[in-house]
Amino acid sequence: MEHTRRNKIVDLLKSKDFGSEVLVKGWVRTKRGNKNINFIALNDGSVIHSIQVVVEVANFDENTLKLVTTGSCIAVKGTLVESMGQGQHVEIQAKAIEVYGTADNETYPLQKKGHSLEFLREIAHLRPRTNTFGAVLRIRHAMAYGIHKYFNDQGFNYLHTPIITGSDAEGAGAMFRVTALDDKNPPMLPDGHVDYSQDFFGKETKLTVSGQLEAELGAMALSLVYTFGPTFRAENSNTPRHLAEFWMVEPEMAFYDIHDNMDLAEDFLKYLIQYALDHCYDDLEFLNKMYDNELIDRLKGVLECSFERLSYTEAVKILKASGQSWEFPVDWGTDLQAEHERYLVEKHFGKPVILTDYPKEIKAFYMKQNEDGKTVRAMDVLFPKIGEIIGGSQREENFDILVKRIHELNIPEKDVWWYLDTRKFGTAPHSGFGLGFERLILFVTGMSNIRDVIPFPRTPKNAEF
Ligand code: ATP
Ligand code: MN
């Protein structure tokens with residue numbers, strides 16, 4: 001086939017240019033028909049819908065047509081015509097077909113439709129070819145783009161924070177070690193520990209759990225920054241909401257207090273949901289039909305309400321008075337579990353909730369302390385079906401209070417001296433938060449397992465693809 005530019009199926013399906021010559025390339029979803037005429041559903045990933053290719057069998061080499069099976073990759077030259085069939089307004093009358101790659105009927109794992117999501121996880125290398133994962137991956141892309149667009153439009157600077165870190169002060173979770181030492185024969189200290197001073201970076205290093213501490217350094221110069229990158233947690237939490245490798249969006253803003261921080265979080269989430277409705281409607285409709293028929297209503301519902309804001313202390317009162325029986329009992333001072341978060345959002349308020357002023361014992365060292373001496377200016381945004389989607393806070397900008405807290409928690413000052421320097425030189429009130437990107441994608445797609453909203457999930461005992 002000569003070198004003409006291929007037409008994307010997304011464009012052809014919108015075209016009214018009947019009679020024009022087109023060239024499409026893609027993967028065969030189905031082929032059906034009889035000995036005179038074949039209908040091929042062809043998909044190139046540009047849109048959820050496939051285009052119908054009509055093949056008059058008599059005009060083609062029989063052996064070529066035999067190779068056109070579900071999963072094979074082909075190029076088709078033909079004429080765009082108005083379709084008489086149901087569910088599409090255009091189709092292609094094929095003139096020439098070239099087979100790029102065959103897919104054996106007997107062994108191609110996606111031969112049939114309707115595989116379970118569990119099965120598809122075992123073939124993560126092929127699942128992007130299903131309608132479901134096509135939809136999820138296009139939405140994921142649109143959300144990543146929307147995030148950059150939102151922050152860019154608001155004057156934020158994208159700050160690239162390191163993935164390899166020498167600090168484990170964040171305390172957000174267990175960390176993966178990064179080392180270049182010989183695992184069979186590492187240098188040892190007399191006390192029996194590995195001597196990391198001889199390692200690549202001259203100290204022990206880990207994969208980051210968050211870009212926040214470094215983002216704060218950026219905010220103390222550029223005012224408005226955000227990070228958007230992979231983060232890692234080596235916790236053995238096999239839940240539908242946790243990954244060992246996930247992407248986190250972390251804006252950090254100088255001169256923002258906790259209220260500004262909540263306003264930004266709410267505006268940001270609503271912007272992204274509106275962006276999905278505006279740019280991914282076909283994919284959302286598909287997911288709404290196939291998996292979750294309240295999805296689109298739920299997305300619109302979030303746009304129409306204002307998020308309920310209340311303190312942790314008030315939330316605990318509501319939970320205790322609810323008469324519910326919990327798997328994890330609630331009492332002032334305990335961390336809230338997904339069951340509690342979802343009760344507040346789904347049953348009690350019926351809309352997203354922002355909880356503030358958590359007990360300082362269950363939150364990180366850097367959060368700004370309230371005058372009561374017991375709580376910190378934390379904020380968690382809780383969403384229907386998800387629970388916590390955002391965690392953030394106003395940061396403690398006072399040097400003495402911060403150092404005191406660090407000592408109370410036995411965090412070695414030598415690990416955070418550079419962080420403390422921001423409070424020593426030109427400190428400023430500031431705030432920020434972390435949005436789990438996959439939790440956002442869970443919400444927007446209506447999928448229920450976080451393994452199904454990232455192309456190649458990293459979870460305990462799973463790093464095959
Ligand atoms: P959780 O209590 O749900 O485990 P967390 O409080 O440990 O979350 P933070 O440290 O506050 O999480 O991280 C900020 C955000 O990152 C969370 O609000 C959540 O959206 C997301 N997140 C945290 N841990 C994970 C994970 N293991 N996999 C995917 N997303 C995560
Ligand atoms: Mn959190």
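**Sheets, a central strand and an interdomain pocket**

In this predicted model, Gly-392 has Phe-433 of strand 16 as its bridge partner. This contact belongs to the pairing of strand 15 (residues 387–394) with strand 16, which is antiparallel and extends over five bridges. Strand 11 (residues 245–254) also pairs with strand 16 in the antiparallel sense, again over five bridges. Here, Met-253 is the residue that stands opposite Ser-431 of strand 16.

Strand 16 itself (residues 430–436) deserves a closer look. Seven of its seven residues are buried, so the strand is largely enclosed by the rest of the structure. In a regular strand, side chains alternate between the two faces of the sheet. For strand 16, one side carries His-430, Gly-432, Gly-434 and Gly-436, while the other carries Ser-431, Phe-433 and Leu-435. Both of these faces are covered, and every residue named on them is buried.

The wider setting is an open sheet of eight strands with mixed pairing, in the order 6-10-11-16-15-14-13-12. Its edges are formed by strand 6 (157–158) and strand 12 (308–311), each of which pairs on one side only. At the strand 6 end, the pairing with strand 10 (residues 224–232) is parallel and comprises two bridges. Within that pairing, Tyr-158 has Tyr-226 of strand 10 as its bridge partner.

A further open sheet contains three strands, arranged in the order 7-9-8 with antiparallel pairing. Strand 7 (164–165) and strand 8 (177–178) lie at its edges with a single partner strand each, so one side of each has no neighbour in the sheet. Strand 7 is joined to strand 9 (residues 205–207) by two bridges, and the two run antiparallel. Ile-164 finds its bridge partner in Leu-207 of strand 9.

Turning to the helices, helix 4 (residues 131–153) is made up of 23 residues. From first C-alpha to last, helix 4 reaches 32 Å, which is close to the 33 Å expected at 1.5 Å a residue. Just after helix 4, Gly-155 adopts a positive phi of about 85 degrees. Helix 11 (residues 399–408) includes Phe-399. This phenylalanine, Phe-399, has a relative accessibility of 26% and therefore counts as partly exposed, the buried class being reserved for values under 20% and the exposed class for values over 50%. Phe-399 and Ser-237 are 162 residues apart along the chain, and their C-alpha atoms are separated by 35 Å.

For readers with an interest in cavities and surfaces, the second largest pocket has a volume of about 660 Å³. It is lined by 24 residues, of which Ala-41, His-49, Ser-50, Gly-87 and Gln-88 are the closest to its centre. Two or more lining residues come from each of strand 1 (21–33), strand 2 (37–43), strand 3 (51–56) and helix 7 (281–290). Helix 7 gives the most to this lining, with five residues. By residue class, the lining of the second largest pocket divides into nine nonpolar, nine polar and six charged residues. Domain 1 (9–101) and domain 2 (127–173 + 209–452) both contribute to the lining, so the second largest pocket lies between them.

Notes: Residues numbered from 1 in each chain as written. Chains lettered and ligands numbered in written order. Predicted model: local features only at pLDDT ≥ 70, side-chain atom pairs only at ≥ 80, totals over all residues. Heavy atoms only, no water. 1 Å grid on protein atoms, 1.4 Å probe; cavity = no way out; pocket = protein on both sides within 12 Å on 5 of 7 lines; lining within 4 Å. Points joined across faces, edges and corners; volume = space filled by probe spheres on them. Helix = DSSP H or I, 4+ residues; strand = E, 2+ residues; numbered from the N terminus. Nonpolar A, V, L, I, M, F, W, Y, C, P; charged D, E, K, R; others polar. Domains from an automatic or database assignment. Expected span 1.5 Å × (residues − 1). Buried < 20%, exposed > 50% of the residue type's maximum accessible area, 1.4 Å probe, protein only. Pairing = 2+ DSSP bridges.
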